[in-house]
Amino acid sequence: MIRVYTSSVIDASADTVWSRIRDFNGMPQWNPNIADSRIENGEASDRVGCIRHFHTRDGGMIRERLLALSDYDYSCVYEILESPMGVENYVATLKLTPVTDGARCFAEWSAEFDCAEAREQELVETIGDRVFQGGFDALKAHFRK
Amino acid sequence: MAPPWQSAPPEGARPSLGRPGGRPVASAVLQHVVRSTVIDAPIDRVWAVLRDFNSHDRWHDVVAESRIEGNERSDQVGCVRSFTLSDGNRIREQLIALSDSEHKSTYCIVEATVPLQRYVATVTLKPVTDGDRTFWHWESTFATPPGRERELREMVGRDVYEAGFVNLRRHLREGGDRLGPGAAAMPSALPLPSRSAVVRRYGGPEVLQPEEAEARAPQNGEVRIRQRAIGVNYLDVYLRKGWIPAMLPLPGVPGMEAVGTVVDVGAGVSGLLPGDRIAYLGQAPGAYCSVRTVPSEWVVQLPAGVEDDVAAATLLKGITADLLLRDLGRVGAGTRLLVHAAAGGVGLLVCSWARRLGAVVIGTVSSEEKARVAREYGCAHPIVTREPRFAEAVQAQFGGADVIVDGIGDAARDENFKALARRGHWISLGQASGALQPIAADQLVQKSITFSRPAVFDYVATNAHLAERAQRVWAALADGTLKAPPIERHSLGAADEAHARLESRRTMGALVLVA
């Protein structure tokens with residue numbers, strides 16, 4: 001099992017950042033890597049179990065299922081059902097924690113998955129640096145004071 | 001209410017594990033206090049302070065005195081610390097959970113002169129990977145006497161946690177955690193598994209074999225390092241061949257330098273902490289491994305701007321270039337400098353540094369391709385020769401060499417004498433072609449020649465000297481005076497291949513083993 005962990009500090013309260021990222025169907029609105037997104041079968045995007053179907057900017061199609069959503073912990077857990085990345089058993093968590101001294105929050109994005117051994121390094125870098133850090137960079141730019 | 005201090009169990013009667021102590025509950029609703037912040041320091045450095053259950057009197061103004069009861073260690077789960085606060089209050093707290101993997105410490109009050117009841121607190125650190133900082137989360141739950149909830153929540157949240165954030169920041173900024181022995185005890189007495197490339201008999205590259213090994217816990221004056229990049233030097237080849245058996249008795253592990261992160265430090269070590277990114281250079285071999293325990297005297301801090309493999313490729317070689325050019329060659333504007341193996345690890349560094357000093361840089365290389373690279377690094381006059389034959393060209397074009405940096409050894413001996421200018425200086429750095437036959441004093445007098453045979457380790461015998469020279473190398477890399485050589489990477493398990501490549505004379509620049 002490979003684990004990727006990326007964390008950052010974003011200059012806005014956890015409530016504010018959460019309202020921007022909570023929508024499981026809302027990635028195109030905040031993550032520049034994502035071209036479009038829809039929820040399959042017309043379900044609500046905050047119904048645990050719903051499936052989002054989206055395309056990355058480079059044309060890859062990904063389907064992910066929402067496994068957990070907590071407005072109390074500011075966290076969301078999802079798994080990949082289908083993707084061009086060549087990963088198995090991929091489960092990721094995106095979580096915010098308030099930083100009490102100042103209007104900022106601590107953001108963590110982590111994933112665990114299996115893959116061919118030869119691809120470990122490449123996938124860790126793609127997921128950690130491009131996908132997760134890329135998302136954080138977009139949020140940081142949006143909320144920059 | 002009666003002060004709990006008086007009715008509590010006597011010191012030494014350790015409370016049972018995991019049961020928060022305290023007085024009967026006065027208020028049914030538990031108070032919950034959470035405070036968090038971001039500290040501008042790597043998590044290992046912050047954790048080294050916070051995991052020590054007995055450290056607070058060194059950094060938190062609220063705590064005047066702290067000690068661990070019963071002579072237990074401060075990382076012993078179940079140990080009890082006794083605080084005297086700066087306002088005279090006293091608190092005894094028990095460590096009920098400690099996790100180095102989660103960077104988490106949980107403790108409870110067993111008795112106190114302040115009315116905090118059923119108080120359980122947890123400190124959690126998390127790395128901010130975006131910037132190498134630390135997120136610090138501090139929370140607790142407790143009960144209070146009726147009517148005092150707000151007052152006590154404020155006391156805990158503001159006077160203890162928030163003040164603690166400010167105090168720890170100041171402590172780290174002032175380097176309080178780096179002061180003196182014992183300030184950052186991170187004892188992990190167990191050996192750690194390591195992988196080594198071992199020489200069990202002297203011979204060709206194939207005698208270097210990977211083996212499982214252990215790195216023992218650091219003792220007095222030592223640090224243990226998780227290594228990421230290991231510099232390969234020609235000295236390692238001599239050791240492997242058995243040319244200097246006193247330096248590498250069998251079985252032995254070659255390697256003089258590496259780059260990595262401090263895992264833990266022994267007693268009596270100051271200025272180094274777990275998590276510090278460092279490089280080291282030592283006079284005893286043993287660097288071909290993944291985890292190693294070395295004297296802290298060998299270790300220097302690594303600036304963030306110098307990458308692991310660049311540091312491993314330039315520490316020993318750059319320091320060698322520094323002493324060749326500054327101390328021995330006294331190379332300056334117009335010095336005619338002849339560098340053998342100019343496209344090698346040391347050669348390229350010497351060329352690029354000498355060019356900046358204004359020297360006329362001449363070099364010997366074994367191929368056109370190497371001539372091209374040497375030229376790129378500042379060797380204005382490469383001579384391609386495999387013989388080696390160069391004296392005639394050096395005399396004809398430059399009237400001789402003022403300084404020769406020679407790693408070839410005996411095969412270049414006669415040519416070196418011919419190539420030297422009057423009062424020239426032959427610096428014999430290595431003997432890749434074989435051991436130099438004795439040099440007669442009479443031969444030197446013919447041109448007033450100086451002959452030097454330096455051992456780098458005599459020039460970095462103290463940590464201050466090592467740090468000063470390393471700093472010159474890092475600074476020269478940073479301002480472009482020194483151009484990092486091309487680096488060829490091999491895995492530690494393939495050290496034999498790295499040696500075969502180095503001896504094949506097909507490599508350019510420096511070789512680095514990746515642990």
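Helices, as counted here, are DSSP runs of H or I with at least four residues, and strands are DSSP runs of E with at least two, each numbered from the N terminus. By that count, chain B of this predicted model holds 13 helices and 22 strands. Of the 515 residues in chain B, 47% are buried, and when contacts in this chain are restricted to residues at least 6 apart in sequence, 64% of them join residues at least 24 apart.

In chain A, seven strands form an open sheet with antiparallel pairing, and their order across the sheet is β1-β7-β6-β5-β4-β3-β2. The edges of this sheet are β1 and β2 of chain A, each of which pairs on one side only. With direction ignored, neighbouring strands of the sheet are turned by 25 degrees against each other on average.

Within the sheet, strands β5 and β6 of chain A are joined in the antiparallel sense over five bridges, and in this region Ser75(A) stands opposite Lys95(A), a residue of β6(A).

Two helices of chain A are set against these strands, as the table shows.

| Helix | Residues | Strands concerned | Angle |
|---|---|---|---|
| α1 (chain A) | 14-21 | touches β1, β6 and β7 of chain A | about 145 degrees with the direction of β6(A) |
| α3 (chain A) | 120-142 | lies across β1 and β7 of chain A | about 20 degrees to β1(A) |

Helix α1 of chain A thus packs on the sheet, where β1, β6 and β7 of chain A are the strands touched, while helix α3 of chain A lies across β1 and β7 of that chain.

Technical notes: Residues are numbered from 1 along each chain as its sequence is written. Chains are lettered from A and ligands numbered from 1 in the order in which they are written. This is a predicted model: local features need pLDDT of at least 70, side-chain atom pairs count only at pLDDT 80 or more; totals for chains, interfaces and linings use all residues. Two strands pair if DSSP finds at least two bridges between them. Axes are lines fitted to C-alpha atoms, for helices over the stretch in contact, and angles run from 0 to 180 degrees between N-to-C directions. Two residues are in contact if their C-beta atoms, placed from the backbone, lie within 7 Å. A residue is buried if 20 or more other C-beta atoms lie within 10 Å of its own, exposed if 12 or fewer, and partly exposed in between; C-beta atoms are placed from the backbone.
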